Structure formats: structure tokens, C-alpha cells
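Biologist: Could you take a close look at one part of this model for me? I'd like to hear about the charged pairing, and then whatever else helps to place it.

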Amino acid sequence: MSLSPKISQIMKNLFERIQSLEDEMLKFAEELEETRRASSNIIRLGVVEEAKAKVVNVKTGKNFANNIPFFVFAAGRVSHYRRPSVGEQCILLNLGSGDNLNNAVALMGLPSNQFPCPSTDENIVMTDYGNGMTETYDLDAGSLTVNYPGGYNITADINHIGNAELTGNTNRTGDLINTGNIVSTGGFNHSGAFAVTPGSSGSMPSFSGGINITGGDVTVDGISVKFHIHLDAENRPTKKPQ
């Protein structure tokens, strides 16, 4: 039994519509897949393969992002610089999305097995610079403990309020001006001129205990303690002091 021309045309139109819908669905599925692939590259974990002055090369999975900039703490009127370490973990933010990771930037600061947290104490703020150099601040105690194996250099005027305890030698270049007492429980070795003047209230310097002078002399108002001459009642020289 053959279909009427009208029914045949209706069936043909129906099949064409179904084919069109199928094509639209395939196109929509391809667009969804492309969107999924693009979105999967927006944020990725990576590891620094090479670090340069201002850019890094990062490996993420089997892909690479080359010569991309990395974040620092500040980059304005206040600026900071710290070059990332090879093997350091980071987050890639793909600004251009898509498959081209060279449009990404690297957000540093993720701890890893290779570079773990220097401390996990909730009351400790700590920076480990490597090579034994650390800065540790105790939030509860309000104390700062630093270790600088290579020493530190300061170019500045320093105002210090509070006690200071030093262990080790102190080498100075310049004057030492002291408005309080100097208490020493050790030896006092001095090379060069040594002057003592009365205090502002007119108090005179005093020494408690003996003073031993070897190979030198003491002069008081131009008179030598070691070489002055004693005089008799008639003002005649007698002998040197013993």
C-alpha cells in the first residue's frame, strides 16, 4: 500500500527535522566538550621546572607553561621580590583559558613534601630562609627569635629601650657616649688615651681598691708620682720616693 503524496511529504519533512535536531545536538555536544576542556585549564596545579629573574617555566601534568610571570607579595609603592625555587608547587591561573598555558600566571606559596611548612604551631609565625636562617614570632609570648648564621648589617640610627644582653665580642668604631653607670665584672684592657673628668654635679672620680702600674707613671698637676723629689725642712732635695 503506497502512501499518499501528502503523507510522504509530511514524513520527509519530519525526517529532515529530526536530522537537523541531531546535527544541532552534535554541535552542542562539541561546544560543551570544548567548554569543558577550556574550563579544566583555567586553574591547574603545577611544579616549577626553571626559575628566572621575572618568569618561570612550570610543568602541569604532561603540559608546560613557559616564561610566565609569578606572583609576589607586593609590586607597587611597597614591593617585594623572592625568586621561586625549582621544585616549588604553585597554582596556574590561565588568564586566556583554552589550551595555551603560556597565557597563565603562577601563584606561589603551596607547601609540598619537598618544601614543607617550617612550623605548624598555631601560635607561631615563622619564615625559614634556608641555610639555618629563620625568623620566629611567638604570638602568645610576643617574642621574636631570629637566627642569622651569616650575620646581619644595619645602616641606620638605633634607639633601644630595655635591657640588652650580649654574648661574644663587641667591636666598635666611633665614640661610646654613656649617661649611666658602667659596671664591669671582668678585666679592663685599654689601649690609647684615657681621660676622666668630674661629673656635672662636681663629684670627683674615685677608685676603690689598688691600681697596679707597670712600666709607666702617674702625673698629678705636672708632678710625677714616680720621679718627683722629696724636700727637707729647709727645702733641700732629699731623695726620690720609694
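Modeller: Here is a walk through the salt bridge, followed by a surface patch and one strand residue. Keep in mind that this is a predicted model.

Let's start with the charges. The structure holds one salt bridge, and the partners are arginine 82 and glutamate 88. Their closest N and O atoms sit 2.9 Å apart, which counts as a salt bridge because the cut-off is 4 Å. Side chains of opposite charge can pair when their charged atoms come close. As for exposure, arginine 82 has 36% relative accessibility, so this residue counts as partly exposed. Glutamate 88 comes out at 8%, so that one counts as buried; the limit for buried is under 20%.

Now for the nonpolar side of things. A surface patch is formed by Phe207, Ile211, Ile213, Val218, Val220 and Val225, and together they offer about 560 Å² of accessible area. Pick valine 220 out of that group: this residue lies in strand β9, which covers residues 219-220. With a relative accessible area of 47%, valine 220 is partly exposed, and patch residues need over 30%.

Last stop, threonine 136. You'll find this residue in strand β7, residues 133-138. Its relative accessible area is 19%, so threonine 136 is buried. Leaving aside residues up to four places away in sequence, threonine 136 touches Ile124, Val125 and Met126, along with Ser143, Leu144 and Thr145.

Methods
Residues are numbered from 1 along each chain as its sequence is written. This is a predicted model: local features need pLDDT of at least 70, side-chain atom pairs count only at pLDDT 80 or more; totals for chains, interfaces and linings use all residues. Side-chain values use heavy atoms; hydrogens and water are left out. A salt bridge is a side-chain nitrogen of Lys or Arg within 4 Å of a carboxyl oxygen of Asp or Glu. Buried means under 20% relative accessible area, exposed over 50%, partly exposed in between (1.4 Å probe, protein chains only). Patches are made of residues with over 30% relative accessible area and no salt bridge: like charges are joined within 9 Å, nonpolar side chains (Val, Leu, Ile, Met, Phe, Trp, Tyr) within 5 Å. Accessible areas come from the Shrake-Rupley method with a 1.4 Å probe; for residues, only the protein chains shown count as cover. Helices (H or I, at least four residues) and strands (E, at least two) are DSSP runs, numbered from the N terminus. Contact means heavy atoms within 4.5 Å.
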